[in-house]
Amino acid sequence: MAQSGEYGHFINGERVAGAGKRTGPVFNPTTGETQGHVALATREEMAGAISAADRAFPEWASINPQRRARVLFKFKELVEKDIDNLARMISSEHGKTLPDARGDVQRGLEVVEFACGIPHLQKGEYTESAGTGIDVYSMRQPLGVVAGITPFNFPAMIPMWMFSVAIACGNTFVNKPSEKDPSCPLRLGELMMEAGAPAGVLNVVNGDKEAVDVLIEDPRVKAISFVGSSDIAHYIYAEGARHHTRVQAFGGAKNHMVILPDADMESVVNQLIGSAYGSAGERCMATPVAVPVGDATAETLIEMLRPRVESLRIGPSTADDADLGPLVTAAHRDRVRNWIDTAVEEGQEIIVDGRDFSLQGYENGFFMGGTLLDKAQPEHKSYQEEIFGPVLQIARAKDFEEAVALPSKHQYGNGVAIFTRNGAAAREFAARVNVGMVGVNVPIPVPIAYHTFGGWKRSGFGDVNQHGPEGVRFFTKIKTITQRWPEDVQGSEFVIPTMK
Ligand code: NAD
């Protein structure tokens, strides 16, 4: 193994090996083997990437938006051609199944498609004759060097959410991806270059807190978009404010699915099984909590869910017929197991226990079986915290009011879903619930690219969402020009001008 790690960085248009001594392991979660080491950037390496982005900025920002969009159109084409390769990379380092890994790339591409509309999206506003002989116009200008710090669970989608919009707006970008699955973000850097982006427009630097702190502290970095766990999101938001850096930071989640007694239970169970256990529960928009309303609904739900959870097909991430693969690391799997222990100690009933699952032939892989728990209570720590594994907790509600209150009072507010045939109840729920993204008979309400993504409470710090028009707003600053071309201005005005 190379001392500096086989996975280096992509800086100023080329792959470079890490210069420092520190590395992190990259596992194959299916086998449990270490398949390589990723370089963890030194402060100097990160500063070098920021310099490359800073040098590239003036020219990239001056290119007309239609030409920037053409680079993104080409990038989209190249990613589509490379999608199987990218999916294999993701699957082998993350552990999600191949079709799910393809979905990860595809959802990112949808934001690239959105960003291809930048000539229209970045258009300004104009008011003719705002006063006598006065016109007012405003324009959205790029910020300069901007950065994205991304989590392990969507190594394609989340970097693309950020850099496609940022670059389209005329910024240059430094991505600090998760050290757990670095291959896909590095490949995306190469493909952007192949698509015609000049060197330095998109840089990918692997690293940990040391590298992140440089992004926060360097005054050349004008904005940081972060997605990851809530404590780190809060740290980056607070530190960003201290350094006068614009930050949007999205954190953890504990999404609830409310099931009213009139819901189509067949459909509920089909959708819940996928959204709770797909990707081994490692999705910020998974549904780890089911809230059946009334004991009869709860009993039916459990009766229908139990055999489905017991028969989940758990396999190597490359298996064609697997519903879910392993978890990302052994440490994470052990944390998930500990949360199940805690839930049982807190008094939850374990209906299906996935803690001791082992996959024949892959005994060292980071696998877990699906777990189903009943009678989670608001005061249980295992209900309050994110588990991020193939674990579904049932928190029974006695009525509609309690079903609105549970997700509304939870510390996280990323997504929530309601399943019902009653339009009025769904409408009232959507209006009242204190959560950022709501699904009505839709289990994972991830908004499409031209709408906007963002959770509330401890799921999101900052006030501007990801992608859609909000993304363009985040990655630009507005300048407003009030102009007059006077021929006969006489005298001085000492009183603030007003519209008379
Ligand atoms: P994480 O917080 O451990 O890491 C996220 C990023 O922060 C990585 O790039 C990591 O290298 C960096 N990082 C880690 N420790 C740091 C530190 N001390 N200082 C500075 N940077 C640090 O998150 P993860 O385990 O990669 O991802 C899973 C988490 O992300 C879950 O909590 C999940 O809910 C959340 N997530 C949220 C969303 C959302 O949109 N709200 C989307 C996906 C994932």
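How far does a polar side-chain atom of Glu179 lie from an oxygen atom of the ligand? The distance is 2.7 Å, and that contact is a good place to start a walk through this predicted model.

Glu179 has company around the ligand. The shell holds 28 residues, and those that come nearest are Thr150, Lys176, Glu179, Ser229 and Glu386. Two of these also place side-chain N or O atoms beside ligand oxygen atoms: for Ser229 the separation is 2.5 Å, and for Glu386 a ligand oxygen is found at 2.6 Å. As for cover, the ligand taken alone would expose 840 Å², and the protein buries 88% of that area.

Now step back to the site as a whole. The ligand takes up the space of the largest pocket. Sorted by class, its shell comprises 14 nonpolar residues, nine polar ones and five charged ones. Some of the shell can be traced to secondary structure: helix H8 (209–217) supplies at least two of its residues, and strand E10 (221–227) likewise supplies at least two.

Where does the ligand lie relative to domain 1 and domain 2? Domain 1 covers 9–251 + 459–480 and domain 2 covers 256–440; both give residues to the shell, so the ligand lies between them.

One last stop is helix H9, which spans residues 230–242 and includes Glu239. The side chain of Glu239 makes a polar contact of 3.2 Å with the side chain of Arg242. Glu239 can also be paired with Ile216: 23 residues separate the two in sequence, while their C-alpha atoms are 6.9 Å apart in space.

Terms used: Residues are numbered from 1 along each chain as its sequence is written. This is a predicted model: local features need pLDDT of at least 70, side-chain atom pairs count only at pLDDT 80 or more; totals for chains, interfaces and linings use all residues. Side-chain values use heavy atoms; hydrogens and water are left out. A residue is near a molecule or strand if one of its heavy atoms lies within 4 Å of it. A polar contact is a pair of N or O atoms within 3.5 Å; within protein, one must be able to donate a hydrogen and the other to accept it, and residues adjacent in sequence count only if both atoms are side-chain atoms. Accessible areas come from the Shrake-Rupley method with a 1.4 Å probe; for residues, only the protein chains shown count as cover. On a 1 Å grid over the protein atoms alone, a cavity is a set of points where a 1.4 Å probe fits but cannot get out, and a pocket is an open set with protein on both sides within 12 Å along at least five of seven lines; lining residues have an atom within 4 Å of a point. A molecule sits in a cavity or pocket if more than half of its atoms lie within 2 Å of its grid points. Helices (H or I, at least four residues) and strands (E, at least two) are DSSP runs, numbered from the N terminus. Ala, Val, Leu, Ile, Met, Phe, Trp, Tyr, Cys and Pro count as nonpolar, Asp, Glu, Lys and Arg as charged, and the others, Gly among them, as polar. Domain bounds come from an automatic or database domain assignment.
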